[in-house]
Amino acid sequence: MPFWRIFGKPGPSPHAAWWTDADAAAEAPTPDKIERLRAGMVARTAGADDHERQEEMVDGLEQLLAVVQSDQLPTIPTGHRVIGGDACHLVAPVTLADSPVGGKLFITSARVVFTSGAVNAWPWHRVRTITRSDRDLVVTVTGAGDALHVRCNAYADALIATHLARRLQITK
C-alpha cells in the first residue's frame, strides 16, 4: 500500500505531468507545445472535470500565444472611471483568493488596478512581481504590507495578466 494511503491522504495527481508541461508552455507558448498538450488531454469519459480544466488551459494558452506573437499589446476599450487616461490591456473578473469577495483586475499601461468596493492601484514601478499558480495571481508591491492574491475566473485571464505584467515592467 502506498505510504500516503495509510494516512488517508490523496496521492499524486495522475495528470501532474500534463500540468507541469502546461505551466512550462505558459512561459514560452508555441503552437507545437499547445498541440502536444491538446493531444495528451485526459479523455472526457475518464474525468469530465479534469478534461474541462485541461481544455480551458489549452484555450488559455492559445489566447496567450496570440498576445505573445503580437507586436502590440491588446487594447480594451473601457469607460471605467478608474482607468482615466491609461490604455487598458486587460479587464478580468476576479475574487480575492479563498474569499467570496469579487472585483475586477485591470492591467493598464501605467498600473495594476483592483476594484472591489474600494479602488487599489499600483504603478508599474512599484509592482515587484505578478506570479501565477493555476488561476491565481499574486501581485507583490514594493512598500505594501501584504501581497494582493486574486483568483481569476479563467486560465486565459491569469496567463495573459502574467505575460502583460512582464512586458509592461520591462518598458517602465
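**Pocket, bridges and helix H2**

Modeller: Thirteen is the count to start from: 13 residues line the largest pocket, and Ala 26, Glu 27, Arg 132, Thr 162 and Arg 166 lie nearest its centre. This is a predicted model, where local features need pLDDT of at least 70 and side-chain atom pairs count only at pLDDT 80 or more, while totals for chains, interfaces and linings use all residues. Residues are numbered from 1 along each chain as its sequence is written, and side-chain values use heavy atoms, with hydrogens and water left out.

Biologist: What makes a set of points a pocket and not a cavity?

Modeller: Both are sought on a 1 Å grid over the protein atoms alone. In a cavity a 1.4 Å probe fits but cannot get out, whereas a pocket is an open set with protein on both sides within 12 Å along at least five of seven lines; lining residues have an atom within 4 Å of a point. The largest pocket holds about 170 Å³ of space, a volume being the space filled by probe spheres set on the points, which are joined across faces, edges and corners.

Biologist: Which elements give two or more residues to that lining?

Modeller: H2, H4, E5 and H5 do, and H5 gives the largest share, 5 residues. Those labels are DSSP runs numbered from the N terminus: helices (H or I) have at least four residues, strands (E) at least two.

Biologist: Why is the contact of Asp 23 with Arg 132 called a salt bridge?

Modeller: The term asks for a side-chain nitrogen of Lys or Arg within 4 Å of a carboxyl oxygen of Asp or Glu. The closest N and O atoms of Asp 23 and Arg 132 are 2.7 Å apart, so the pair qualifies. Asp 23 sits in helix H2 (residues 16-27) and Arg 132 in strand E5 (residues 127-133), so parts 109 residues apart in sequence are tied together. The structure holds 7 salt bridges.

Biologist: How far apart in sequence are the partners Arg 166 and Glu 27?

Modeller: They are 139 residues apart, Arg 166 being in helix H5 (residues 155-171) and Glu 27 in helix H2. Their salt bridge is 3.2 Å, N to O.

Biologist: What makes Glu 27 exposed but Arg 166 partly exposed?

Modeller: Buried means under 20% relative accessible area, exposed over 50%, and partly exposed in between (1.4 Å probe, protein chains only). Glu 27 has 53%, so it counts as exposed; Arg 166 has 38%, so it counts as partly exposed.

Biologist: And where does Asp 134 lie?

Modeller: Asp 134 is in the loop between E5 and E6. It has a positive phi of about 60° although it is not a glycine, and at 33% relative accessible area it is partly exposed. Asp 134 also forms a salt bridge with Arg 53, the closest N and O atoms being 3.1 Å apart.

Biologist: How do you know that the span of H2 agrees with what it should be?

Modeller: The expected span is 1.5 Å times one less than the number of residues. For the 12 residues of H2 that gives 16 Å, and the end C-alpha atoms are 17 Å apart, which agrees.

Biologist: Which residues of H2 are buried?

Modeller: Trp 18, Trp 19, Ala 22, Ala 25 and Ala 26 are. They cover an arc of only 115° around the axis, so they are on the same side of H2; the arc is that of the directions from the helix axis to the C-beta atoms. On the other side, Ala 17, Thr 20 and Glu 27 are exposed.
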